[in-house]
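Okay, thanks for making time, everyone. I'll put the structure up and then walk through it piece by piece.

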Amino acid sequence: MTHSPITAGAVAPKRVLSDLLQPEWAILPVLVVVMIVGAALNSAFLSYDNFYGVVQQASELGILTMGLTVVLIAGKFDLSLESTFGLAPMVGVYCLLDAGGSGLNLADSPFLALVAIFLTGALIGAFNGILVVYLKFNAFIATLATLILLRGISLGLTRGETLSDLPSLLTYPGEATVLGAPVSFLVALGLLVILTVFTSRHRIGRMLYAVGGNPQAARVAGIPVERILMGVFVVAGMLAALAGLLQAGRIASIPSSLGQNLIFNAFAAAVLGGVSLNGGRGTIAGACGGVLLLVLIQDVLVLSQVPAYWINATTGGIILIALFISKISGADKAN
Amino acid sequence: MSEQIVKIDGAVKRFGGTTALNGLSIEIRRGESHGLIGRNGAGKSTLVSILTGLRAIDSGTFLLNGSAPPALSDRNAWREAVACVYQHRTLVPDLSVAENLYLGQYQGKRMISWRALNQEAAAALESWNIPILPTTQVRDLGVGEAQMVEIARALNQGSRFVILDEPTAQLIASEIDQLISRVNELRERGVTFLFISHHLDEVPRVCDAVTVLRNGRDVLHGDAQKLSTAQIVSAMVGDEATGIALTASEHVARPALAPETPVVLKARVKLDACQDALDFSLRAGEVVGFAGHSGSGSRHMALALAGHISKWSGEIVLNGKSVPKPWNPRTAVERGMALLPEDRIKTGLVGSMSIEDNITLPSLKAFSKRVLIDRRARRKFSEDNRADLGIVCHSVKQGVGELSGGNQQKVLLGSALSSNPSVLVLLHPTAGVDIASKATILDIVERRRRDGLGVILVSDEPEELAFCDRVQVWVRGRKVIEKSGMSEEELVSAMEGFHLSPELS
């Protein structure tokens, strides 16, 4: 039934080429270019201290983006992740510790606070999941509402103040160094490996792509679509809580605005890394590449003394350029 | 004014290699209701697209109102000459009836005067004797009422020639009577209709003249009052098929099942949408056809069996065990019931995933070793299937979106079979598939049938239904007949709402 070997042979190299045009690989040469430009503009770019900072930032954003990517692959999205990023560490600390002289101080156990942080992330995810999956609210509106609601709760809880004097159990993952690398980076790297194996080699991981690519087909194949989507929201909430904890540890405090506007960077990174907003396409590794690119570009801009006020504008420009590239390379097959 | 609204002579229309119209001629006189009859693929839709100016014929002559038709791009001229009421609604549900009537036309430079718009709409509706308030939201209308609004809109835009494309398919009996009396009323007032229907019993009630199409050609013209149903059916089916019992044809000459063959599925299912309950049993290795056009209930019954419709009462016994409620697709797949959906792109395949991913989607659990998927076993399974199903591709890692329709259908069938079901529900399994793939697909099902797979085949194509051991025919929610060895004529006329027993015809 196969065609002649000549046609089969002629097809193979073309496929390799088109694989390299996939947005998740297209990012590699861009990363190299950015590094060269960065090194040329400012010698401090290649220093250990600079990389340490970049890697820390990239890890926090990366873990948040991995959570978002899992939701995007399954064909939904969650804007409220950045509020979870800020609120989950705050709830844990506020309820259970005597941080900065304020708080409910229910138990004064850093360990319980740690558990509470992840539980908060999971509960917020489950709440969003119920709204979007079972009540079938539009994901944009529903998670926009939770975004605003949760952000308001963080402000209300702390009255706009910053929680400080965090116990070392909570700050350790965000600030410690092992073998010259930040612990947060090792955590992110571990998650990258686990989630990559999960999405490519675990059956539920494959189901994510099926649910995102064609929910009706997934249903016909007997996949429990609703349950998978609920799980996705819960996992994303927990990852956002973890990312928030890492950032709180790095800055050794929890300001009421922790994580503000970070979801836009996470979306930008995912899109840069070739994750489709229509669901069913994209990889965790690609999204992490996007994170690295975004953080590196922002770092180069800072080192080149571009005023901080202009950095947001460049992020917007980068996303548009990435969209153009994916359109031209034909990777954006949805349209 | 010409006597003929439409005069087509020797029209030919090709799409690539297929000839949709092959020397078709038809004349529609002003003021008549003209019935257009033919099976799927006879050329009805192509003819409609030509009459509405969506396509041009390749050769032949086409006179509209006695002169050459307007250019395809002149949409206004076409809108004034011909209107078509399609099976699917083209009204905007959240706007009022009045707004829908004047949609796109009430955009003068001044502000809209709602009072004037509603008054005008009320006058228009009244003049066509349609008792609907112009301020009603279209969403709140019944199917029949919405159809009348579509007809009123067509007439309002100046057209006095209206094509009704299977207008009764989704109507209940009382609505059909209403529609027919409205159409007859409007015809008295000089409106010309082209009435496309699958239900032959309606034809003499509505039509003056009838044209029957087969294979892109007109095979019978006549007076609707004088032609007998048997004459129409034999024209639809063609001489070559007359009288031959379908199930006796060579590809389904199956030996009788052994008497001890177990029953794999026993069902008593009542759906709200259908008047009759489904009551049947299926033995291992048996193929039962559910025949009927859209809206007949055959598809709904099959979907309920496969767990895709939750609202039903009764009992389904699968492999000797009563199925749990809610009976959903997931439990159905787990218990050994697989479905091959009719729309492989929309509901069957995940276009962004590979052949391998798609073909193992329902059976991922079986390929999981401890935690992860056993990639080697999965690759072997998909390679075996690729060879077995004859899927033409350069690798099982290829995306299914790149495959031809026939190959996609084979992947989908492989996927449905991958969970080793004991019952397989097929919805129009060979629709839109090339001839070679059609044969392969039925071959694969036949092989599995021999191993004891019970098959339910939903279709309105006699060629597909010929694969069945017995067929039950559904018309408008009622089961009209169940038997084996039906001839093509008998099957077609039963689906069209006429039960011809061979002795009488």
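What follows is a short tour: chain A, the contact between the chains, then chain B.

One thing up front: this is a predicted model. So let's begin with confidence in chain A. The mean pLDDT there is 84, with 87% of the residues at 70 or more. Where is confidence lowest and where is it highest in chain A? The low end is α1(A), with a mean of 42, and the high end is helix α11 of chain A, residues 225-251, at 94. Also, residues 1-16 of chain A stay under 50 in pLDDT, and for that stretch the model has 7 contacts beyond four places in sequence.

Now the general make-up of chain A. We've got 14 helices and 2 strands in it. Of its 335 residues, 48% are buried. If you take the contacts in chain A with a separation of 6 or more, 76% of them come from residues 24 or more positions apart.

Here's one helix pair from chain A. Helix α8, residues 183-201, packs with helix α13, residues 284-303, at an angle of about 145°, and their axes are 9 Å apart. Which residues meet there? On the α8(A) side you have A:Leu192, A:Leu195, A:Thr196 and A:Thr199, and on the α13(A) side A:Ile284, A:Ala285 and A:Cys288. By class, that contact has 5 nonpolar and 2 polar residues, with no charged ones.

Next up, the contact between the chains. Chain A puts in 23 residues and chain B puts in 29. On the chain A side, α1 (5-20), α9 (203-213) and α10 (215-220) each supply at least two residues. The most comes from α9(A), with 6 residues. That side of chain A splits into 11 nonpolar, 7 polar and 5 charged residues. Do keep in mind that α1(A) is also where chain A has its lowest confidence.

Over to chain B. It's divided into domain 1 (4-241), domain 2 (262-336 + 421-494) and domain 3 (343-420). Taken over C-alpha atoms, the centres of domain 1 and domain 3 of chain B are separated by 43 Å.

Let's look at a sheet in chain B. It's an open one, with 3 strands in the order β2-β1-β4, and the pairing is antiparallel. Why is one side of β2 and of β4 in chain B left without a neighbour in the sheet? Because β2 (18-29) and β4 (59-64) stand at the edges, each with a single partner strand. Ignoring direction, neighbouring strands of the sheet are turned by 15° against each other on average. Strand β1 of chain B, residues 4-15, is joined to β4(B) by 5 bridges. As one example, B:Val12 has B:Ser59 as its bridge partner in β4(B). Lying across β1, β2 and β4 is helix α1 of chain B, residues 44-51, which runs at about 60° to β2(B).

Last stop is strand β15 of chain B, residues 337-340. Are its faces covered or open? Both are covered, with B:Met337 and B:Leu339 buried on one side and B:Ala338 and B:Leu340 buried on the other. That fits the general pattern, in which side chains of a regular strand alternate between the two faces of the sheet. Here the pairing is parallel: 4 bridges join β15(B) to strand β18 of chain B, residues 423-427. In that pair, B:Met337 stands opposite B:Val423.

That's my tour, so over to you for questions.

How values were computed
Residues numbered from 1 in each chain as written. Chains lettered and ligands numbered in written order. Predicted model: local features only at pLDDT ≥ 70, side-chain atom pairs only at ≥ 80, totals over all residues. Pairing = 2+ DSSP bridges. Axes fitted to C-alpha atoms, helices over the stretch in contact; angles between N-to-C directions. Contact = placed C-beta atoms within 7 Å. Nonpolar A, V, L, I, M, F, W, Y, C, P; charged D, E, K, R; others polar. Buried ≥ 20, exposed ≤ 12 C-beta atoms within 10 Å, placed from the backbone. pLDDT = per-residue confidence, 0-100. Domains from an automatic or database assignment.
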